[in-house]
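Q: I'm new to this structure and would like to know what lies behind the words people use for it. Could you walk me through them?

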Amino acid sequence: MEPTAQRPSFPAGEPVAGRPQRVSALGGQRRRPSGEAPPLPRPLNRSGRIWLVAAGGILVLWAGLISNQGTAVRVLELDHAVVAWFAGMRTGLGTDVMQTVHALGSRWTVRVLFWSTLAALVVLRRFRHLFVFLGATLAVTALTGLLAYIFVWPRPLGVVILGDWSGYANPSRPVAALTAILMGGLYSLAPAGRLRQLGKPVIAVLVTCLAVSLLYLGENGLSDVLIAAVIAVTIPLVAFRMITPGEVFPVTYHRGSSAHLDVGGRRGQAIHRALEDQLGVQVAEVKPFGLSGSAGSTPLRVKVKGEPETWLFAKLYAGSHLRSDRWYKLGRTLLYGRLEDEKPFNTVRRLVQQEDYALRLMYGAGVRSPEPFGIVEITPEREYMVVTEFFDDAKEIGDVEEVDDHIIDDGLRIIRRLWDAGLAHRDIKPANLLVRQGRVHLIDVFFAEVRPSPWRQAVDLANMMLVLATRSSCEQVYGRARLQFNDDEITEAFAATSGITMPSQLRRTMRDQGRDLHAGFLRLLPQWPRPIAIQRWSIRRVGLMAGVVLLALLVLLTALNSFASAGLL
Amino acid sequence: MRRRLLLLATALLVLAGCGVAPSGSSFTEAREPSCRYQGREGTALMVLVAQAVPTASQLPCVELLPAGWSVSDVFVRNGRVRFALNSDRVGQGAVQVVLQQFCTLGKATRVPSDHPGTRRYQEVISIEPGKRYLGALYYLFPGGCVTYRLDFRSDEQARPLGEVTLALGFVTRDALRETISEFTDGKVPLDPPSEAQ
């Protein structure tokens, strides 16, 4: 299809026939009935739910018990009876052993475990697990500190206390800190399966040993260690299961990019099932494809059964991509002000809707881009795939031996077509321009914007010219560009373009080639353009910057304070 | 389902906090080293203070804070208790109160004690006329010693010193033991049997 060709509109008064269903030739689509689980449910698991409800229930029960004098006294009596029983069994050797076991909850043990887990997660570049580990540990230390202040529970009464202690007794902070760190370490470092299952009883034994030593030495009562253990197991367990579920973020020691989602295991099966149910295709194989060129999603190539076998291209989006998009936009607003539409998406569903819409818009506008086949739901509100046509015999423009006048004209025509249709692509870079049978195809239209600012359109032109020049020369591209754009338009394009407006892949390509193409084009212009400033200052931006700095300081101070009080620093 | 569970757990937690917490200043007061709380000798914190130095027959506490004074930095661990008094006139941390089993008196001079059952020593460390007063008061009693480290950043010395000695007092261990016994109907003692008097 020529980029300039318009799709014919549907004739008035006739039923809409639509275009042929290219992806449901085999099998047919199936509607998921009400009550049926989605292809990849995101379960907290039964044990997670039990721990969560148990922890909440125990805390309420506990609060009720100790806020009432009668029941509080009974708890004190029980604690006293248990600790007095342990104290009655004290011997010289027993005390020595228990004081050694007590070192499990010492500041140094906890510090070594905490920092070594942290270091391991940094070395393994498992940053999501690292943040969950930090957050869960912080939550446990902060909550136990808060509850200790609320409960004002004394150390065991009526016995000689042998160990070192500080502060109120309930919940037991050594038990909480040790349990939380061990749980965090287990869920972030041990792969799910046998190793993790083996780790659980090991943690139980270690925590029980510490608890017994605390009871024996009279540092804590039974209720202190139980409440601490419940809190410190529940928070990391729920946090890891919810934020880093094994199916989505598996703990593995295979090499691979952590920025992309794993498409094997349960997710792989879910993708197969979802494609078959929702698009009616028989999937033979799903493989990651072109990961290096994509940071905002996980690109996949789908082999479809049939005679002959065909291919589809799919982009898998999850909550992590949504959050990346939010951070990216916040970062841009802080660094440059509100250059253009920086409103973040609220949900993954809206994010994929935008991509699908942009694909349909481009395709409908006659821009040579992949034909969209729709959205596939993997986990409701959490994971979706955008499925399109796959250009199976296309080459990235950066890999083409020579970019001739024909390809240059074709690439520039795409920009002219975008301008005429009132669109901007906003991510013109070598990875997004494919050459197929001597024609340029534009892919990855996620950032596309309708009715963009003239500045944004000018940047698209400059970036296209720079990309084309990476495989030819500035003079050649400039000469061809003047056939479709006038000098003012080209001058404006390079006035609007500076370092950060060029995609990083384009900058890297020019750097690798040792060519300053931007300067090369500037020299060719009839007059040196006055650069268009990209910094936009507003009260909102200043307020946002101040808010972010204050919030970061507050979080840092709170975390440091909480970690310090738990003996982790 | 997951969100509902989270909400439920959060609500339970908040309820747990609210269930125990008395309202307003009463909540804070129960967590301060006050000599009396709701008609009884000592507070929950004072029980912890007694456990920190199990030999101490007297336990330092706050009788009644004069206007402009507040308590902060309460720290209790085995063998040592510390808290600070802040003043809007003579500075933050104007008084550091420390309870230990033993203390070194240095060049302190014995003076008549204002608290029965204690011996009082006083030491002037340095005086910058009109600017700063550094000194210490020591109260010795069976099984313990309380130090008031004084750091008044003001031209006044006499008035804040008078306010401090009036604000701070002692609860006897026996009185606290009585409170615990009354609270638990005599079922749980404060001290182990061998140490109970």
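A: Happily! Let's start with pLDDT, the predictor's confidence in each residue, from 0 to 100. Chain A averages a pLDDT of 84, and 89% of its residues score at least 70. This is a predicted model, in which local features need pLDDT of at least 70, side-chain atom pairs count only at pLDDT 80 or more, and totals for chains, interfaces and linings use all residues. Residues are numbered from 1 along each chain as its sequence is written, while chains are lettered from A and ligands numbered from 1 in the order in which they are written.

Q: Where in chain A is the pLDDT below 50?
A: Over residues 4-18 of chain A. Beyond near neighbours in sequence, this stretch has 8 contacts in the model, a contact being two residues whose C-beta atoms, placed from the backbone, lie within 7 Å.

Q: Why does A:L147 count as buried?
A: A residue is buried if 20 or more other C-beta atoms, placed from the backbone, lie within 10 Å of its own, exposed if 12 or fewer, and partly exposed in between. A:L147 has 25 C-beta neighbours inside 10 Å, so A:L147 is buried. Its place is in helix α5 (residues 127-151) of chain A; helices (H or I, at least four residues) and strands (E, at least two) are DSSP runs, numbered from the N terminus.

Q: What makes A:E342 partly exposed?
A: With 15 other C-beta atoms within 10 Å, A:E342 falls between the two cut-offs, so it is partly exposed. A:E342 sits in the loop between α10 (319-336) and α11 (348-364) of chain A. Leaving aside neighbours within four places in sequence, A:E342 is in contact with A:K329, A:R332 and A:T333.

Q: How do you know that β4 and β5 of chain B pair?
A: Two strands pair if DSSP finds at least two bridges between them. Here 7 bridges join β4 (residues 69-77) to β5 (residues 80-87), so these antiparallel strands of chain B are paired. One of the bridges links B:S72 with B:A84.

Q: What is meant by a nonpolar core?
A: It is a set of buried Ala, Val, Leu, Ile, Met, Phe, Trp, Tyr and Cys residues joined through C-beta atoms within 7 Å. The largest one has 109 residues, and B:L59 is among those with the most contacts inside it. Helix α8 (residues 222-243) of chain A gives this core its largest share, 14 residues. A second, separate core of 45 residues includes A:V403 and A:F521.
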